[in-house]
Amino acid sequence: MKTDCSQRILHIITGLETGGAERSLVNLLAGTLPGEGDRAHVVSLGGRGHYAPVLEAHGVPVDSLGIGEGVSLASAVRHLRRIVRRARPELIQGWMYHGSLAASVAGMFAGRRVPVAWNIRQSLYDIGTEKTGTRWVIRALTRLSRRPRAIVYNSHQARAHHEDFGFAPARGVVIVNGFDAQRWRPDAQRRRAVRGALGLGDDDLLLGFVGRYHPIKDVPTFLDACARAMAAERRLHVALVGEGLNEENPALASGFARLPAERVHMLGRRSDIEAVMAAFDLFCLSSASEGFPNVLGEAMATGLPCIATDVGDCARVLGGHGRIVPPGDAATMANSISEICQLTTEERQAIGAAARQRIVDNYGFGATLDANRALYDTLTKRDA
């Protein structure tokens, strides 16, 4: 489903590397009408990352401020001011903590009453686990949270956590992630091709993990669970898709050392995740914190039985069509992996089919586009 993008909207995001928030922004802007992409404009506080060329291919101009790449903060602020004056946005939306703070700064540069919205993409279980700079930004946003016209959260848990911390409840709105069920779907041809390239037979079971390395993803717990489950289930293979998910990462070396190397497939960053995911037999998300993880919805739409930690809105999204385990509990995660492996092919497929139908019925991409469009219309019409 396509949606009109008639306002000039300036999106400011922390960076454009491969992550859930970044992909959600790309999906949103790629869903606008052909020819309307030039009415959106993206600013990355960091570098161009992975997604700048993707956005530009959709006709969306991208500026990068280079913070963290040798550019001084003062220079970056001056650059942002020039971008705002040139783009003349009718709405400014920040993405993630730093992007939201920058959006409020950009709103002051606009020189007129331009509405500002924030977009918060994670839960806040414990601010102490955040970096020092991020803690400062979160506290600053708390004090400023009555100023934006809207604070968009991608999960109910994220909204509850931030409002408990002090974010203004009157500004909050939840717009959940949506998924294109035609893009994310079971595909026998892709399954055969990917599994053939990995040397897997029909009886092998492939457990998938997708996501770049980050401490919040708790990859060590996942690897611990895999070691336990692979010892009990000789058919089980593991595929890890994402940057930094290999034995060369010092934080993961000991975990990989416990796994049977011949049954571990480290695929790195891939541009064909839809095809790779179609080759999985089951999927696991091991995060210590999430809002609404895109990858869980994508795996469900692909028809996979899923195991996920009880963080963010994972349990709400699964809706009983999968396994929920406590975060950091490798033993319970391993047991859930083993239980799904021991099911018949038909039983696994039935769980996956129910999970896919839940996404189709409740988390369609068109509904997410419409919700954003309605919010943008409401915010810009206030100044009409």
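A patch here is made of residues with over 30% relative accessible area and no salt bridge, with nonpolar side chains joined within 5 Å. Keep that in mind as we set off, and remember that the model on your screen is a predicted one.

**Stop 1: a patch on the surface**

Select Ile67, Leu73 and Val77, and show their surface. Together these residues make a nonpolar patch of about 250 Å². Now click on Val77 alone; it sits in helix H3, which covers residues 73-87. Is Val77 buried or exposed, or something in between? Its relative accessible area is 34%, so Val77 counts as partly exposed.

**Stop 2: the second largest pocket**

Keep Ile67 and Leu73 selected, and add Leu45, His98 and Ala102. You are now looking at the residues closest to the centre of the second largest pocket, out of 21 that line it. The space in this pocket comes to about 500 Å³. Next, colour H3 and helix H4 (96-109): each of them supplies at least two residues of the pocket's lining. What kinds of residues make up that lining? By class, twelve are nonpolar, six are polar and three are charged. Ile67 and Leu73 thus link two stops on the tour, as members of the surface patch and as residues close to the pocket's centre.

**Stop 3: the largest cavity**

Time to go inside. The model has two cavities of 30 Å³ or more, and the largest cavity has a volume of about 150 Å³. To find it, select Ser24, Arg121, Asn177, Thr368 and Asn372, which lie nearest its centre among the 15 lining residues. Helix H1 (20-30) and helix H15 (365-381) are the elements that give two or more residues to this lining. Sorted by class, the lining of the largest cavity holds six nonpolar residues, eight polar ones and one charged residue.

**Stop 4: along helix H1**

Stay with Ser24 and select the rest of H1. How many of the residues of H1 are buried? Nine of its eleven residues are, so this helix is mostly covered. Ser24 is one of the buried residues, and others include Ala21, Glu22, Arg23 and Leu29.

**Stop 5: Phe222 and Cys284**

For the last stop, jump to helix H8, residues 219-232, and pick out Phe222. Phe222 counts as buried because its relative accessibility is 0%. Then add Cys284 and draw a distance between the two C-alpha atoms: Phe222 and Cys284 are 8.0 Å apart in space, though 62 residues apart in sequence.

Technical notes
Residues numbered from 1 in each chain as written. Predicted model: local features only at pLDDT ≥ 70, side-chain atom pairs only at ≥ 80, totals over all residues. Heavy atoms only, no water. Patch = residues over 30% accessible without salt bridge, like charges linked within 9 Å, V, L, I, M, F, W, Y side chains within 5 Å. Areas by Shrake-Rupley, 256 points an atom, 1.4 Å probe, with all protein chains shown as cover. Salt bridge = Lys/Arg side-chain N within 4 Å of Asp/Glu carboxyl O. Helix = DSSP H or I, 4+ residues; strand = E, 2+ residues; numbered from the N terminus. Buried < 20%, exposed > 50% of the residue type's maximum accessible area, 1.4 Å probe, protein only. 1 Å grid on protein atoms, 1.4 Å probe; cavity = no way out; pocket = protein on both sides within 12 Å on 5 of 7 lines; lining within 4 Å. Points joined across faces, edges and corners; volume = space filled by probe spheres on them. Nonpolar A, V, L, I, M, F, W, Y, C, P; charged D, E, K, R; others polar.
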